[in-house]
Amino acid sequence: MSGIDIRNVSKAFGQTLVLDDISLTIADDEFVAFLGPSGCGKTTLLRIIAGLETLDSGEIHIGGRRVDDLAPGARGVALVFQNYALYPHMTVADNMAFGLRNTGVKPAEITRRIEDAARILELDGLLARKPGELSGGQKQRVAIGRAIVKNPDVFLFDEPLSNLDAALRMRTRLELAQLRRRLKTTMILVTHDQVEAMTLADRIVVMKDRKVQQVGTPMDIYTRPANVFVAGFVGSPPMNIFRAAVTDTGGFATASVAGQAVATKVAMKGLPATSDWRLGLRPESVSVSETGQLPATVEFVERLGERTLVYTRLSDGTVVTAEDKGISRVAMGDTIRLHVDGARAHLFDGEGRGYHAVDAQ
């Protein structure tokens with residue numbers, strides 16, 4: 001068993017608090033992504049799990065065993081760094097074997113583990129090469145192989161794809177997904193890239209300002225963001241969020257935007273008594289349509305092939321990102337109309353808390 005239990009963990013560097021009472025449970029054989037902007041505390045939390053940083057308060061348990069007072073090598077974890085950290089004078093095989101030799105693993109067992117890892121990662125023909133003879137993607141696979149040969153209970157990945165170009169990042173993302181399926185063990189990925197998190201993780205832990213903002217499956221995070229930050233951080237382009245007046249129409253909230261009513265499927269029951277509301281609409285919930293409710297001026301058009309993103313401004317200055325079909329005739333400076341799918345709208349109160357359509361999923 002290799003589940004992880006993080007209990008009330010806090011950490012400060014001097015007077016700067018970087019983790020504030022974090023509690024989280026990660027199941028055995030679960031792939032979890034820590035997602036958030038730079039400085040949110042995600043890498044520090046990973047390093048505390050690995051034993052590379054000490055915690056100020058709280059506990060870390062792995063497989064039911066408390067480990068925060070153990071040395072890194074005794075925790076049953078393997079960490080894959082962002083910068084590979086390979087020894088340039090050693091071959092691929094020697095880089096993978098180095099840690100095992102230092103812990104007294106027998107040569108025959110080392111050879112077997114390296115061969116198994118090389119087969120999984122398609123490194124069979126590269127074992128005699130040195131890092132200088134490898135591509136960036138190959139170096140990253142060697143770093144992952146060095147972790148695999150340790151037979152850890154938990155794999156920890158610290159932004160392992162950030163040094164790769166876009167095409168190689170996509171391929172390595174697929175390799176990580178396939179690796180997870182083969183190894184069947186607990187994995188944590190630290191990333192600021194929402195595509196990596198959405199693609200790879202069973203659950204995402206969204207972090208900001210030293211705290212966990214939301215924990216959920218990728219589609220939970222996307223369709224039911226807990227607050228304004230999550231709504232704006234997850235999704236590309238981000239959710240449209242603007243001020244709105246809210247009234248009750250048949251038990252559901254109707255929001256007024258630029259003088260136009262948007263009927264939502266957010267139930268009025270349970271909404272707090274406040275006048276400080278914001279309406280949230282994903283760009284795919286706003287489409288270019290001749291019969292749309294909202295007149296808008298086109299400020300920029302982004303053609304992506306399968307769809308077109310249209311960046312517009314309403315008469316009151318509100319900026320709205322909308323979608324159009326792939327082959328779109330819309331051009332900068334055009335006056336168009338936008339259709340809003342209110343059934344997919346979100347509301348956020350003055351504290352930033354999210355409220356969603358009753359059937360949102």
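The buried residues of H2 pack against H3 and H4, with contact meaning heavy atoms within 4.5 Å. Those residues are Val92, Ala93, Asn95, Met96, Ala97 and Leu100, where buried stands for under 20% relative accessible area (1.4 Å probe, protein chains only). Just after H2 comes glycine 104, with a positive phi near 80 degrees.

This is a predicted model, in which local features need pLDDT of at least 70, side-chain atom pairs count only at pLDDT 80 or more, and totals for chains, interfaces and linings use all residues. Residues are numbered from 1 along each chain, and side-chain values use heavy atoms, without hydrogens and water.

Let us turn to the core. The largest nonpolar core (buried Ala, Val, Leu, Ile, Met, Phe, Trp, Tyr and Cys residues joined through side-chain atoms within 4.5 Å) has 34 residues, and Met96, Ile144 and Phe157 touch the most other members. Among the elements that each supply at least two residues are these, named as DSSP runs (helices H or I, at least four residues; strands E, at least two):

| Element | Residues |
|---|---|
| Helix H2 | 92-102 |
| Helix H3 | 107-121 |
| Helix H4 | 136-148 |
| Strand E7 | 154-158 |

Leaving out residues up to four places away in sequence, phenylalanine 157 touches Leu46, Val80, Ile144, Leu176, Met187, Ile188, Leu189 and Val190.

Now for a sheet. Six strands form an open sheet in the order E13-E12-E11-E14-E20-E21, paired antiparallel; pairing takes at least two DSSP bridges. Strands E13 (260-267) and E21 (354-356) are at the edges with a single partner strand each, so one side of each lacks a neighbour in the sheet. Within the sheet, E14 (residues 277-281) and E20 (residues 346-348) pair over three bridges, and arginine 278 stands opposite phenylalanine 348 in E20.

Definitions and conventions:
Buried < 20%, exposed > 50% of the residue type's maximum accessible area, 1.4 Å probe, protein only.
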